[in-house]
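User: I am a first-year student, and I would like a close look at a single part of this protein, the metal site, together with the strands that lie around it in the chain. Could you take me through it step by step, in connected prose?

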Amino acid sequence: MQTTLGAPVAAYHLGFTSLDRELSVDALPVSGTLPPWLSGSLLRNGPARFEVGADRYHHWFDGLAMLHRFTVADGRVSYANRFLRSPAFVEAERLHRIAYAEFGTTPHRSPLGRVAALFRPATGDNANVNVVPYADGYLALTETPNPVAVDGVSLETRGVLHYDDAVAGQITTAHTHHDRSRRATFNILIELGRTCTYKVVRIEDGTLRRTVIAELAVDEAAYMHAFATTARYVIIAEYPLVVRPLDLLLQRKPFIENYRWVPGRGTRFHVFHKDGGAAAGSFEGDAFFAFHHINAFEEGDAIVLDIAAYDDARIIGDFALDRVRDPHSEVAWPAFRRFRLVPGHSAAEIESLAPQTIELPRVAGRHEATAYRYAYGVDTDGSCGIYNRLVKVDLTERSTVAWTAPRAYPGEPVFVARPGGSDEDDGVVLSVVLDAEAAASYLVVLDARDFTELARVHVPHHIPFGFHGTFSS
Ligand code: CO
């Protein structure tokens, strides 16, 4: 718990420490036994460099994006990791300073540079939040609109993609929802201006053209990291963390610091039809904040929304790097909260499902946007300021099983279904775990049914705590 300098650091500080090394390894050491049916690639995204020259990023969400690939084939697991060659990364390498604004960091600029930035706001496309399949590769995503294409094997950056449309908007979510039956992806885009507009956009598979299917004008725009979909609807949960658009455009403060917590606004839920985009109702609830929707589905005429809900937006400041690296600080924890939107009732009904905290929630792919029983995520056993357990929440039994290991700090669990399996939890859960003792990370493979540990795949370095990933077979 001590550095050589004598300053106390959190046991998990390596998770918030840069990784510079890029590797490609044919076979990582495996302990335990991988299921013989498991075959495919887990891609993960997250920040991996937190300083550039003498400049430092201030927030966990700011670090330069790195992709990691674990490929299971023929009983072996290959691995590669590579920085995303975004404009933010390329300019950082060239200038040895932070060149672009991020979520919680503003680059140093001369007064003239600030004026230039106002008229030509530049984004570094540091897409460090999510990674999703696209064409024969993947897209790295963040909350500025342009995705960055990467090769799915080498992880080489193919380039920033620009949409083939004229849809205006400066902020989006990295949590796109793909709809298999409609062969389209849905997302939310926010246009800042004299008024602000939330736009529900639809992108047909195989294209880069966004069609705006619904719009909602607001005076102040909320910060929204994600949204929800069901079979027929898109649902925006609008938390009372809002910004005056001019404050953002002037860029006097880092992006997120322009947002204000206004609990008197409460939380508003806006529902739109996926087909045609017609408004299907607005609902109100008490103020809360969330990054992640756990899942959503329809129950008769009602919409059920499960959300990892924080009482307020304090968590954003909790993830500042100097805070998360401090062993005495603890992050706020979100509750597993269920909201029911019932036609004819303007108030969202709330049900607290369990005294269960959950973050980085995932559900089985084929249960996304539909009725489901199990959610997977991370939480804490209370002994630690950051996530130190993997959890599986059973919404039928209202019970939880957890996986822990000494000085182990897991990330987002990704469920992989066993081919031919029919039970919702017939498969494995994959999570990248920081082993603070070994000062390295491993991929843990759990039996999703009972959370028995099946295998560990050992990585020769630490992987900084990341956000989201995807498994493709
Ligand atoms: Co997220």
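**The cobalt site and its surroundings**

Analyst: Along the chain, the donors of the cobalt ion follow the spacing H-x49-H-x66-H-x175-H, and in this predicted model the protein donors are His-175, His-225, His-292 and His-468, each through its NE2 atom, at 2.0 to 2.1 Å from the ion. The angles that the 4 donor atoms subtend around the cobalt ion run from 92 to 155°, and because four donors count as tetrahedral only if all angles lie between 85 and 135 degrees, the upper end of that range helps to explain why the arrangement is irregular.

Two of these donors deserve a closer look, since His-225 and His-292 are 67 residues apart and link distant parts of the chain. His-225 belongs to the loop between β17 (221-222) and β18 (228-229), while His-292 sits in strand β24, which covers residues 289-299. Both His-225 and His-292 are buried.

The loop that holds His-225 has a strand on either side, and we can follow each of them in turn. On one side, β17 pairs with strand β20 (residues 241-243) in the antiparallel sense over 2 bridges, and Ala-221 stands opposite Val-243 in β20. Together with β21, these strands form an open sheet of 3 strands in the order β17-β20-β21, with antiparallel pairing. Here β17 and β21 (260-261) stand at the edges with a single partner strand each, so one side of each is left without a neighbour in the sheet. As background, strands of a sheet pair through backbone hydrogen bonds, either parallel or antiparallel.

On the other side of the loop, β18 is joined to β19 by a hairpin of 3 residues, and β18 and β19 pair in the antiparallel sense over 2 bridges, with Thr-229 standing opposite Val-234 in β19. Strand β19 (residues 233-238) is largely enclosed by the rest of the structure, because 6 of its 6 residues are buried. Tyr-233, Ile-235 and Ala-237 point one way from β19, whereas Val-234, Ile-236 and Glu-238 point the other way, and all are buried. β19 also pairs with strand β22 (residues 267-273), again in the antiparallel sense but over 6 bridges, and in that pairing Ile-235 stands opposite Val-271.

It is worth setting this region beside the nonpolar interior. In soluble globular proteins, nonpolar side chains tend to be buried together. The largest nonpolar core here has 89 residues, and those that touch the most other members are Trp-60, Phe-269, Phe-289, Leu-305, Ile-307, Phe-319 and Trp-403. Leaving aside neighbours within four places in sequence, Phe-319 is in contact with residues including Trp-60, Phe-61, Phe-291 and Tyr-387. There is also a second, separate core of 20 residues, which includes Leu-34, Leu-38, Val-416 and Ile-463.

For contrast with the buried donors, consider one further histidine, His-458, which lies in strand β36 (residues 453-458). His-458 counts as partly exposed because its relative accessible area is 30%, which falls between the 20% limit for buried and the 50% limit for exposed. The side chain of His-458 makes a polar contact with the side chain of Ser-31 at 2.9 Å, and among its other contacts beyond four places in sequence are Leu-28, Pro-29 and Tyr-442.

Methods
Residues numbered from 1 in each chain as written. Predicted model: local features only at pLDDT ≥ 70, side-chain atom pairs only at ≥ 80, totals over all residues. Heavy atoms only, no water. Donors = N, O, S within 2.8 Å, 3.2 Å for Na, K, Ca; no water. Tetrahedral: all angles 85-135°; square planar, octahedral: opposite > 155°, others 65-115°. Helix = DSSP H or I, 4+ residues; strand = E, 2+ residues; numbered from the N terminus. Buried < 20%, exposed > 50% of the residue type's maximum accessible area, 1.4 Å probe, protein only. Pairing = 2+ DSSP bridges. Contact = heavy atoms within 4.5 Å. Polar contact = N/O pair within 3.5 Å; in protein donor to acceptor, adjacent residues only side chain to side chain. Core = buried A, V, L, I, M, F, W, Y, C linked by side-chain atoms within 4.5 Å.
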